[in-house]
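Q: Please take a close look at a single part of this structure, the metal site, and explain how it is built. A connected account suitable for a first-year student would be welcome.

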Amino acid sequence: MRSQHQRLAALRTSLEASGLDGLLVTALPNIRYLTGFSGSSALLVVTPSEAVFLTDFRYATQAPEEVGDAAHVVIDGSSLWKRLWEILPELEVESLAFESAHMTHADTQRLFDAAKGGGKWEWRPSVNLVETLREQKDQSEIDAITAAVSVAEIALERTIAQVEVGQTELEIAGILECELRAAGSESHPFEVIVASGPRSALPHARASERIIRPDEFLLIDFGAVVRGYCSDITRTFAVASASPEMQEIHDIVREANASASGGVRAGMRGRDADALARGYIQRRGWGEAFGHSLGHGIGLEVHEAPRLAKTADAPLPQGAVVTIEPGIYRPGWGGVRIEDDVLLTREGPQVLTAFSRDLMVIG
Ligand code: ZN
Ligand code: ZN
C-alpha cells in the first residue's frame, strides 16, 4: 500500500510541474497503478490534497479492500459520471487534466458539457502523465514481472514436451494456454502466437489450423500475468529436425539478441538500443528482413513505454523492464524471433528470461 502513496505523490509532483491542479484518470491500468484496484469500471480524480476513486456497486466489497487508504472510495449505484459532477465542485480545482489518449470523443464531450453547465473548472488534455511514472518499476513490480516470466517459462517447458508432428498450431496454442493457467497465469496478456513453417515469417501471426511438419520452424510468442503484471517471451523451435539454413538464420538472431540484451543500458536512447541488434543483423546481410522495432516496455500492460525503436529518441530509464526481440522474416520460407525480458538496473542489464536460446529440436 505504501507504494500507491508514493506513486500518487510522484503524480502530484508532475502535475505541479505541468501547472495542473489535478488529473481525471480514466485508463484502467493507470488507475490500478495508482490505487491497486483491479476491476473493470472506475474513475479517479487526483488533486494536490485529495484522491477520490469512484466505482460501481459490483465492486462495493472489492474496491475498499484493494484501494485501502490510497484514495477516498465512492461506490455509486447509477452513474459514475453524474457522481463525478457532484464531487468536483467540492475539490476546489481550477484546471483539471484528462487523459486524452484514453477518452472517447463522447466522454470528452461530457466533460466539456458538464463544465459549461456551471462547473468552475477548466479541462486540459494531457498525455502520458501516469504512463511516464509507470516506466520505472519498483521492487514489488519487478517481483511480479519476474514471477510472470517464471510462470511463462514453466508453461513453455511443459508445452514443448507435448508437441508432436501432425498437431495443428491451434492445438499447440491450446496446450500452452492450459499450461499457463496451470502454472499460475491470471490471464493471457495477448493472444498466444503459434506460427509454423512459412507462417513463422508473419511477425504477428495468430495460431491457425495449419499442421506442423518436420524440418520447419515453430515460433511461439506469448506471456503470463501475475498480480496484474505481464511477461512477454518468444522462442523459435525446429520441428523434428533443423536444416543448416535454419540453424544459420537462428544463430544470427540469437547473436543479435545477445548483443542487445548485453549492451542495453539505462540512459541510452531507445534508438541506440535498437541499433545494437539491427546493426548486427544488417552486417550479416539481413537488415531488410528485420522490419519491426527491437522492443517495448512491459508492466501492467504488455506494450507500454519506453520504446526501443529506430525512431525512439527518449532515454531508457533505470528500473524499466523492456523486451529485446530481434527477428528475421523470409516471406514464404519462415522466420525466427527470440524475445527476452530485461530489467535495466544501475549496474547494467539483468536478463529475467532464462529459457534456452539455442535452436531446440522438438516434436
Ligand atoms: Zn512477444
Ligand atoms: Zn513483445
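A: Along the chain, the donors of the zinc ion (ligand 1) follow the spacing D-x10-D-x106-E. This description rests on a predicted model. The protein donors behind that pattern are Asp-221, which is listed with OD twice, Asp-232 with OD, and Glu-339 with OE. These donors lie 2.0 to 2.7 Å from the zinc ion (ligand 1).

The geometry of the site can be described through its angles. Among the four donor atoms of the zinc ion (ligand 1), the angles range from 54 to 151°. The site is classed as irregular. A tetrahedral site would require all angles to lie between 85 and 135 degrees, so the range of 54 to 151° does not meet that condition.

Asp-221 and Asp-232 are eleven residues apart. Asp-221 belongs to strand β8, which covers residues 216–222. Asp-232, by contrast, is found in the loop between β10 (229–230) and β11 (233–239). Asp-232 also has a second role in the site, as it bridges the zinc ion (ligand 1) and the zinc ion (ligand 2). The two zinc ions lie 3.2 Å apart.

The surroundings of these two residues may be considered next. Asp-221 has a relative accessible area of 3% and is therefore buried, because buried means under 20% relative accessible area. Asp-232 likewise counts as buried, because its relative accessibility is 3%.

Another part of the chain offers a further example of burial. Gly-297 lies in strand β12, which spans residues 295–297. Its relative accessibility is 0%, so Gly-297 counts as buried. Apart from residues up to four places away in sequence, Gly-297 touches Val-302, His-303, Glu-304, Ala-305, Pro-306, Val-321 and Val-322. Gly-297 and Phe-222 are 75 residues apart along the chain, and their C-alpha atoms are separated by 15 Å.

Elsewhere, the model contains an open sheet of six strands in the order β4-β3-β2-β1-β5-β6, with mixed pairing. Its edge strands are β4 (72–76) and β6 (122–126), each of which pairs on one side only. Within this sheet, strand β1 (residues 22–25) and strand β2 (residues 43–46) run antiparallel and are joined by three bridges. Leu-23 stands opposite Val-46 in β2. Helix α4 (residues 80–91) packs on the sheet, and its contacts include β1, β2 and β3 (51–56). The direction of helix α4 makes about 165° with that of β3.

Technical notes:
Residues numbered from 1 in each chain as written. Chains lettered and ligands numbered in written order. Predicted model: local features only at pLDDT ≥ 70, side-chain atom pairs only at ≥ 80, totals over all residues. Heavy atoms only, no water. Pairing = 2+ DSSP bridges. Helix = DSSP H or I, 4+ residues; strand = E, 2+ residues; numbered from the N terminus. Contact = heavy atoms within 4.5 Å. Axes fitted to C-alpha atoms, helices over the stretch in contact; angles between N-to-C directions. Donors = N, O, S within 2.8 Å, 3.2 Å for Na, K, Ca; no water. Tetrahedral: all angles 85-135°; square planar, octahedral: opposite > 155°, others 65-115°. Buried < 20%, exposed > 50% of the residue type's maximum accessible area, 1.4 Å probe, protein only.
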